[in-house]
Amino acid sequence: MGALSTSLSMNRLAWAQMLDTYLQILVSGLAMGAIYTLTAKGLFIAHLATHKLNFGQGDFLMVGAFLSMSLIIAGIPVLLAALLVLIALGLLGWGLERLVIRPLDRFGISGGSTYSWILTTAGVALILQNIAELVWGKSSHYSPPLFSEGRDNVIEIAGINMFVEEILVIGFAAVVVAFFYYMLFRTRWGRAVYTVAFNPEAAMLLGINVRRTVVLVFVLASLLAGISGILVGPLITIHPHIGLMFTIKALAVAAIGGFSNPLGILIGGVLFGVAEAFSNYYDSAFGDLYPLIFVLVFLVFRPSGLFSEAQADVR
């Protein structure tokens, strides 16, 4: 009986440890899924208003992560550092629309390709990568934590140890996503975006400033990238080439949920982040590869994603 009791106790301990590990992986996946969702939201809002994608969205995130790291290391308080990063990213988004996107709209008819913006936004991404290499070098860096004293600071919730940084990143990202939905569906600006997406000429007849709306869309997309960069810095090592990875994963997230459905993008981000976390746990060498392969196979059978296009009332 004693041996049986000892064996049962060991089994319970093993199951408890396994559950603790899986829940920690789940939280890590949700934290990264929140980052992917914010990045994909930036792609979504720009595509919604202009039918164009910013292939430098991930590199905007990279710039935000490096700027945040440098400011915090320099001793600037986190809130002030975050404000400065968002101002810089907002200006970067304005410059992208003014110098890269708008000229194509003006001169594209006279010889420019319909998809010239792919090369121009990808070119901006390469420029940002090279600038980052010149300023911060090619090696990887660790950003100081935002919400806790150390990167490995943990709290116990229901007997399970979880990293403070990941929990607060999830919570903060949820607030940002909720505010994004409020802006998009509960404000005049959000209705203006959908009106411009539906028919820019009709939007002008309704008195909507189409150009200003498009500029604000790109600024918002850049702010979302900046917030993502600020939040992701303490979670992973950052280097000048992480931008392409985040752009690809954000596109994968949008493809899973349905690129025209903001709720689908949220669900896609959660699913992708959790799948990636468990994939890395079981195979750290190719953990990032398996979720992308799954997305490719998934799109073969459901090209439109989990959800169909969301229709909005723009009256």
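Which residue's side-chain oxygen reaches the backbone nitrogen of arginine 211 at the start of H8? In this predicted model, the oxygen belongs to asparagine 209 and comes to within 3.4 Å of that nitrogen, which fits a polar contact (a pair of N or O atoms within 3.5 Å, one able to donate a hydrogen and the other to accept it, with residues adjacent in sequence counting only if both atoms are side-chain atoms). Residues are numbered from 1 along each chain as its sequence is written, and side-chain values use heavy atoms, with hydrogens and water left out. As the model is predicted, local features need pLDDT of at least 70 and side-chain atom pairs 80 or more, while totals for chains, interfaces and linings use all residues.

Helix H8 itself covers residues 210-232; helices here are DSSP runs of H or I with at least four residues, numbered from the N terminus. Its 23 residues reach 33 Å from the first C-alpha to the last, close to the 33 Å expected (1.5 Å times one less than the number of residues). Of these 23 residues, 18 are buried, so H8 is largely enclosed by the rest of the structure; buried means under 20% relative accessible area with a 1.4 Å probe, protein chains only.

Turning to the aromatic side chains, a search of the whole structure finds nine aromatic pairs (rings of Phe, Tyr and Trp, the last by its six-membered ring, with centres within 6.5 Å; planes under 30 degrees apart are stacked, over 60 edge-to-face and the rest tilted). One of them joins tyrosine 36 and phenylalanine 246 in a tilted arrangement, 5.7 Å centre to centre with 50° between the planes. Tyrosine 36 lies in H1 (residues 2-50) and phenylalanine 246 in H9 (residues 242-257), so this pair ties together parts 210 residues apart in sequence. Both tyrosine 36 and phenylalanine 246 are buried. Phenylalanine 44 and phenylalanine 180 form an edge-to-face pair, at 6.4 Å and 65°. Here H1 is tied to H5 (residues 164-185), because phenylalanine 44 lies in H1 and phenylalanine 180 in H5. These two phenylalanines, 44 and 180, are likewise buried, and they belong to one aromatic cluster with Tyr181, Phe185 and Tyr194.

Just beyond H1, in the loop between H1 and helix H2 (57-73), sits histidine 51. Histidine 51 has a positive phi of about 60° although it is not a glycine. For context, most residues other than glycine have a negative phi.

Note on methods
Helices (H or I, at least four residues) and strands (E, at least two) are DSSP runs, numbered from the N terminus. Buried means under 20% relative accessible area, exposed over 50%, partly exposed in between (1.4 Å probe, protein chains only).
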